[in-house]
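Colleague: I am new to this structure and would like a close look at a single part of it. Please take one residue and then place it in the rest of the chain.

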Amino acid sequence: EKHCFLKSFLIMGFCWVPHIIIHYPVSLPFDGIISIMQYYGYRPYTTQHPIIHMQLLGHFSDLGVRLGSVTYGLVIMGVLQAFLLLLTLAYTISTMEKLKVCRYFQLAALIAFSVVPIFPGYATTLLGDIPYCMALLLLMNEFAWYLFKTDSYMKNWKHPVLTVIAVLGVFFRQNGIYVIAVILLFVAIR
């Protein structure tokens with residue numbers, strides 16, 4: 001349908017607002033706390049937590065301190081993360097539309113993304129798994145474009161750029177390199 005991306009984004013965003021308010025300021029699991037402690041030097045750095053996410057948590061905490069409270073920085077990071085997840089899910093529905101996936105499946109995906117509490121709950125949890133999952137979903141979208149609409153993928157600069165962003169995003173988890181290896185194997189076979 002016309003403006004599928006924008007409509008999906010707005011519908012999901014509207015449905016997520018109560019969840020985001022309920023989860024205020026953000027959810028910071030123990031792994032996130034450890035990452036912040038590593039950033040500030042209170043715990044030794046280990047490879048258990050990806051350095052990319054640790055640095056992001058630390059820099060947003062620093063921003064919060066400059067604004068008056070660490071909480072402010074983490075809220076900004078949570079809102080940014082929720083916004084990026086909304087963009088990724090809306091792009092997924094838009095990709096389904098452009099790849100001519102059955103309308104019932106598109107509607108089912110939109111309803112699930114909008115009302116199933118795991119999605120907005122996930123969006124407001126500051127954990128390295130969330131950016132990783134966003135990147136993986138984006139990579140799967142671009143992989144679908146590459147497989148099923150190769151001409152569109154090659155002609156539009158947006159798709160290779162999103163692919164690069166997705167590939168870099170899977171490094172929010174230590175096992176991201178293995179995902180890339182499998183994807184490269186499939187691309188080579190193609």
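Is His 53 buried or exposed, and at what relative accessibility?

Modeller: His 53 counts as buried, because its relative accessibility is 3% and the cut-off for buried is under 20%. The model is a predicted one. In it, His 53 belongs to helix 3, which covers residues 51–67. Setting aside residues up to four places away in sequence, His 53 touches Met 77, Leu 126, Leu 127, Gly 128, Pro 131 and Phe 172.

Now the chain around it. Its secondary structure consists of 10 helices and 0 strands, so the pattern along the sequence reads α-α-α-α-α-α-α-α-α-α. The radius of gyration is 18 Å, close to the 16 Å that the globule rule gives for 190 residues, so the chain is as compact as a globular protein of that length. Along the principal axes, the C-alpha atoms fill a box of roughly 50 × 40 × 25 Å. His 53 is one of the buried residues, and buried residues make up 41% of the 190 in the chain. Among contacts with a separation of 6 or more, 68% are between residues 24 or more positions apart.

Another buried residue is Ser 35, in helix 2. Its relative accessibility is 4%, so Ser 35 counts as buried. Beyond its neighbours up to four places away in sequence, Ser 35 touches His 49, Met 54 and Leu 57. The C-alpha atoms of Ser 35 and Tyr 132 are separated by 16 Å, and the two residues are 97 residues apart along the chain.

Ahead of helix 2, which spans 30–39, comes a loop from helix 1, and Pro 25 has its place there. The peptide bond from Tyr 24 to Pro 25 is cis, with omega near 5°.

Helix 4 can be followed through several residues. Tyr 72 has its place in this helix. With a relative accessible area of 42%, Tyr 72 is partly exposed. Leaving out residues up to four places away in sequence, Tyr 72 touches Gly 64 and Leu 67. From C-alpha to C-alpha, Tyr 72 and Phe 186 are 43 Å apart in space, and they are 114 residues apart in sequence.

Ser 94 is also found in helix 4. Ser 94 is buried, with a relative accessible area of 5%. When residues up to four places away in sequence are not counted, Ser 94 touches Cys 4 and Phe 5.

After helix 4 comes the loop to helix 5, where Lys 100 lies. At 67% relative accessibility, Lys 100 counts as exposed. Its phi is near 60°, a positive value in a residue other than glycine.

Next, the nonpolar cores. The largest one has 18 residues, and those with the most contacts inside it are Met 12, Trp 16, Leu 85, Leu 89, Ile 93 and Phe 113. At least two residues of this core come from each of helix 1 (4–22), helix 4 (70–98), helix 5 (103–115) and helix 7 (129–148). Helix 4 gives the most to this core, with 7 residues. Apart from this core lies another one of 16 residues, including Tyr 91, Leu 138, Leu 162 and Val 179.

Leu 85, named above for its contacts inside the largest core, can be looked at singly. Leaving aside neighbours within four places in sequence, Leu 85 is in contact with Trp 16, Phe 119, Ala 123 and Met 134.

Last, the surface and the charges. The chain exposes about 10,800 Å², and carbon and sulfur atoms supply 73% of that area. There are 12 positive and 7 negative charges in the chain, and their mean positions are 7 Å apart.

To return to the residue at the start: His 53 lies in helix 3 and is buried at 3% relative accessibility. Its contacts beyond four places in sequence include Met 77, Pro 131 and Phe 172. Met 77 falls within the span 70–98 of helix 4, and Pro 131 within the span 129–148 of helix 7.

Technical notes: Residues numbered from 1 in each chain as written. Predicted model: local features only at pLDDT ≥ 70, side-chain atom pairs only at ≥ 80, totals over all residues. Heavy atoms only, no water. Core = buried A, V, L, I, M, F, W, Y, C linked by side-chain atoms within 4.5 Å. Buried < 20%, exposed > 50% of the residue type's maximum accessible area, 1.4 Å probe, protein only. Helix = DSSP H or I, 4+ residues; strand = E, 2+ residues; numbered from the N terminus. Contact = heavy atoms within 4.5 Å. Rg over C-alpha atoms; globule rule 2.2 N^0.38 Å. Areas by Shrake-Rupley, 256 points an atom, 1.4 Å probe, with all protein chains shown as cover. Lys, Arg positive; Asp, Glu negative; His and termini not counted. Charge placed at Lys NZ, Arg CZ, Asp CG, Glu CD.
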